Amino acid sequence: MNKPYMGKILMVDLSNQTMTEEAIPDHVYEQYLSGMGLGAYILYNRMPAGADPLGPENILGFCSGFLTGTGSLFSGRWTLVGKSPLTGCWGDANCGGTFSPAIKHCGFDAIFFKGISPKPVYLYIKNSKATLKDAADIWGHDAVETEEILKQQYGQKAAVAVIGPAGEKCSLISGVCSDKGRIAARSGLGAVMGIKRLKALVLDGVQQIGAHDPAAMKRLSRHCAKWVRMPLPLTSGSVFARVGSFLRVTPVVFPQDGLLYANILKKWGTGGMNQASIEMGDSPLKNWSGSNRDFPLAKSKKINPDLIKNTEIVKYHCYSCPLGCGGICATKGQHAHTHKPEYESILALGGLCMNEDLDSIFYLNELLNRAGMDTISAGATAAFAIECYEKGILTKEDTGGLELKWGNTESLVALIKKMINREGIGDLLADGTKIAAAKIGKGAIEFAIHAGGQEPAMHDGRNDPGFNVHYSLEPSPGRHTLGAHLYYEMFQLWKCVKGLPRPSLLYTKASKYKINPEKAQTAAACSKFMSLANGAGMCLFGLFIGVKRVPTFDWLNAATGWQLTPEEYMAIGERIQTLKQAFNIKHGVEPRDNFISSRALGKVPQTEGANKGRFVDVEKLAPGYWDQFGWDTTTGKPKEETLRKLKIK
Amino acid sequence: MSYTITEKCNGCGACARNCPAVAISGEKKKPHTIDASLCIECGACGRICPHAAVLDAEGASCMMIKRSGWLKPDIMLESCVACGICIDACPVGCLVLSELPRKKGVDAFPYLKDTKACIGCGFCSRECPVEAVVMQVPVKIEKVAASGESA
């Protein structure tokens with residue numbers, strides 16, 4: 001009862017419909033925590049090399065966070081793990097809502113699935129008793145409908161994770177939904193669940209989650225809540241557009257404090273920065289070929305944060321979140337209530353496709369949530385298709401009569417509907433840009449912006465070179481939630497972890513592009529910290545507030561009684577990161593193949609806008625980053641001595 | 001550790017009906033048992049047993065308390081951060097977020113929706129990280145009931 005973990009996992013073999021409870025020894029938690037760490041440990045050790053991501057050997061895991069339910073805040077994230085069919089690499093996707101504590105209430109730290117079920121099934125766990133049930137009746141329903149049906153049957157307290165039609169149809173850009181619109185979308189793991197014919201998980205347990213020192217946990221949480229609830233006077237969302245314009249032109253910038261972001265997130269949600277982001281060059285536009293000049297204030301004001309906030313009826317908090325960046329909105333469209341679109345969705349379906357129609361963004365966001373498709377990848381693939389059409393690579397005949405022009409909202413909506421249903425051109429595009437480009441040929445690959453097959457998020461690495469480092473070099477390529485120059489500033493890790501550099505109070509933008517050992521050190525620190533945080537189930541937005549104010553290391557000590565130093569916890573993060581890389585190497589991945597497309601690096605630099613002339617040389621950045629982890633500096637493969645030192649081998 | 005049932009049990013089944021973890025089993029009119037692996041130590045069985053046949057995790061005998069005397073959560077909205085931990089901690093699901101608030105775009109806060117279902121375990125209060133949930137006997141309801149009886 002006084003341990004923060006349950007000490008057990010459930011392994012479900014769908015091929016023969018058997019379930020095994022397994023005890024996990026304490027030393028595994030001490031080395032990897034749970035969450036993504038435990039997931040990596042199980043997948044690395046149990047999955048045979050070269051397993052087909054869409055075959056029976058792939059293992060799909062639902063892992064709750066290590067700190068979930070211990071009295072800590074911002075710790076309600078769960079991680080979906082598996083071998084990604086989209087990239088062929090280590091795959092994980094992160095999601096909030098209420099599903100993470102539900103896994104622990106059932107008595108498990110994680111639930112894993114292997115094999116392929118002969119017929120559609122769903123897993124139901126009531127008070128630690130698990131059963132596989134026939135899913136014939138719910139197969140084919142969208143994610144929201146399915147959740148409603150299951151909750152009607154099993155009660156509102158049950159937590160549900162489901163795939164929508166996109167996952168059922170094995171779209172490689174599909175994810176797993178919970179809470180009617182929170183989605184573990186990245187890495188295409190919805191397709192793995194779909195091919196396994198697993199429609200849903202319904203969890204209804206009451207097992208209690210412990211902590212070593214509950215009083216200390218609460219003390220730390222109160223300290224954290226005080227910072228989160230500190231109000232800053234922020235009046236209008238349109239102010240940020242001006243700030244964004246200023247940040248574009250100023251040659252000198254200063255380190256950002258995440259407390260400001262926390263307040264923006266609290267008031268507007270992640271979409272609060274969308275207009276500013278376009279202005280300052282953070283958001284890619286026109287399939288990564290455009291700049292703020294293509295999408296000026298006159299256009300971006302139609303998707304400005306205040307307009308989105310006006311539709312919000314009530315705030316939405318994930319489990320254990322005092323911030324509440326989410327919201328439930330009422331719109332004019334077909335769906336009366338919808339989750340507030342996130343920053344990524346707004347810009348992937350907006351600026352990236354040059355679409356300035358806010359209603360269509362709301363509509364598409366809900367449509368994709370219901371289908372269980374990743375909004376980032378769907379928007380990016382649509383933008384790719386539009387550029388192919390504009391360049392004459394795709395014709396009207398190919399698109400089934402759709403006039404795929406920049407900013408043509410009607411055809412964008414029709415295209416995404418086709419992708420969800422895998423009709424006509426949609427069938428070609430439902431597996432992301434890289435696969436679509438390979439099928440189209442005719443030089444289309446030039447316009448497919450991806451890292452290792454996954455579409456990068458709406459943060460331009462030409463603006464913050466840190467993003468390009470992480471898009472290209474992480475074991476799960478194309479992910480934006482693991483590190484960046486900006487993230488390092490906001491995490492404020494140097495305040496706790498010895499030996500990490502403190503950014504200078506004023507620095508030139510050009511200095512961000514200089515390649516030096518400090519860059520490698522800070523990028524590696526972000527990766528280690530986020531691997532640790534994903535093991536702990538922590539939310540990135542909480543971590544932005546700063547490591548002293550959101551005391552991750554102290555919570556871990558209070559929850560476990562281990563009394564480790566921050567440096568020792570960072571070593572756990574390093575171990576998880578190296579294990580993921582070792583997973584990739586075991587499965588024959590060449591890390592160099594995952595470098596992001598040359599357009600996103602600025603190999604041919606832009607001639608106007610915020611990122612004019614910017615080029616990020618990942619080839620030169622990679623050796624330094626790899627060296628930080630003790631990986632080979634030419635191949636990116638973890639050295640034998642590193643694996644032994646970290647006790648992976 | 002787990003709650004246990006002594007030989008004083010006459011098998012009335014009140015505890016089994018009240019147990020949110022479905023940890024208690026036994027035939028009617030025969031002594032019941034608690035499955036230690038399922039027991040969450042909420043104390044609901046001890047509070048309802050009319051024969052004081054339940055021992056808590058420390059082995060102390062539990063006293064029956066009238067249902068109207070069970071502690072109920074009171075949520076202090078000024079310190080609540082709407083994190084939802086209490087709602088998740090409740091083993092019977094009697095706490096929910098308020099319906100759509102009157103003002104647009106603000107937090108929804110938890111409240112005790114199903115008063116009858118509440119077993120008074122206090123998990124919501126124990127788990128609340130900001131000590132915004134206070135367990136107390138619902139005074140107002142008692143007064144109304146008392147005045148109703150006298151009238």
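This is a short dialogue on reading the interface, sheets and salt bridges of a predicted model.

Visitor: Where do I start with the interface of chain A and chain B? How many residues does each chain give to the contact?

Guide: Chain A gives 31 residues and chain B gives 35 residues.

Visitor: How is the size of an interface given?

Guide: Often as the accessible area lost when the parts come together. Here the area buried between chain A and chain B is about 2500 Å². Carbon and sulfur atoms give 52% of that area. On the chain A side, A:K157, A:Q208 and A:K218 lose the most area to chain B. Together they make up 21% of what that side buries.

Visitor: What about charged pairs across the interface?

Guide: Side chains of opposite charge can pair when their charged atoms come close. The rule finds two salt bridges across the interface of chain A and chain B. One of them joins A:R222 to B:E131. Their closest N and O atoms are 3.6 Å apart. Polar contacts are counted as well: 11 residue pairs across this interface, both residues at pLDDT 80 or more.

Visitor: Which elements of chain A give two or more residues to the side that touches chain B?

Guide: Four names to find in the structure: helix 3 (99-105), helix 7 (214-228), helix 12 (305-310) and strand 14 (312-316) of chain A. By residue class, this side of chain A has 12 nonpolar, 12 polar and seven charged residues.

Visitor: Now the sheets. In what order do the strands run in the open sheet that holds strand 8 of chain A?

Guide: Read across the sheet, not along the sequence. The order is 8-7-12-9-10-11 in chain A, six strands with mixed pairing. Strand 8 (129-134) and strand 11 (182-184) of chain A stand at the edges. Each has a single partner strand, so one side of each has no neighbour in the sheet. On average, neighbouring strands of this sheet are turned by 20° against each other, direction ignored.

Visitor: How do strand 7 and strand 8 of chain A run, parallel or antiparallel?

Guide: Antiparallel, with six bridges joining strand 7 (residues 121-126) to strand 8 of chain A. Check the register by opposite residues. A:Y124 stands opposite A:T131, and A:L123 stands opposite A:L132. The two strands form a hairpin with two residues between them. In the turn, A:N127 has a positive phi of about 45°.

Visitor: Which helix lies across these strands?

Guide: Helix 4 (residues 143-154) of chain A. It lies across strand 7, strand 8, strand 9 (159-162), strand 10 (176-178) and strand 12 (198-204) of chain A. Helix 4 runs at about 145° to strand 9 of chain A.

Visitor: What is the order of the open sheet that holds strand 2 of chain A?

Guide: It is 2-1-6-3-4-5 in chain A, six strands with mixed pairing. Strand 2 (18-23) and strand 5 (90-95) of chain A are the edge strands, each with a single partner, so one side of each is left without a neighbour in the sheet. Neighbouring strands here are turned by 15° on average, direction ignored. Inside the order, strand 3 (residues 60-64) and strand 6 (residues 110-114) of chain A pair in the antiparallel sense over four bridges. A:F62 stands opposite A:I111 there.

Visitor: How many salt bridges does the structure hold over all chains?

Guide: It holds 36. Take A:E356 with A:K302: their closest N and O atoms are 2.6 Å apart.

Visitor: Why does that pair tie together separate parts of chain A?

Guide: Locate both residues. A:E356 lies in the loop between helix 13 (343-349) and helix 14 (358-371) of chain A. A:K302 lies in the loop between helix 11 (297-300) and helix 12 of chain A. The pair therefore ties together parts that are 54 residues apart in sequence.

Terms used: Residues are numbered from 1 along each chain as its sequence is written. Chains are lettered from A and ligands numbered from 1 in the order in which they are written. This is a predicted model: local features need pLDDT of at least 70, side-chain atom pairs count only at pLDDT 80 or more; totals for chains, interfaces and linings use all residues. Side-chain values use heavy atoms; hydrogens and water are left out. Contact means heavy atoms within 4.5 Å. Buried area is the accessible area (1.4 Å probe) that two parts lose on being put together, summed over both. A salt bridge is a side-chain nitrogen of Lys or Arg within 4 Å of a carboxyl oxygen of Asp or Glu. A polar contact is a pair of N or O atoms within 3.5 Å; within protein, one must be able to donate a hydrogen and the other to accept it, and residues adjacent in sequence count only if both atoms are side-chain atoms. Ala, Val, Leu, Ile, Met, Phe, Trp, Tyr, Cys and Pro count as nonpolar, Asp, Glu, Lys and Arg as charged, and the others, Gly among them, as polar. Two strands pair if DSSP finds at least two bridges between them. Axes are lines fitted to C-alpha atoms, for helices over the stretch in contact, and angles run from 0 to 180 degrees between N-to-C directions.
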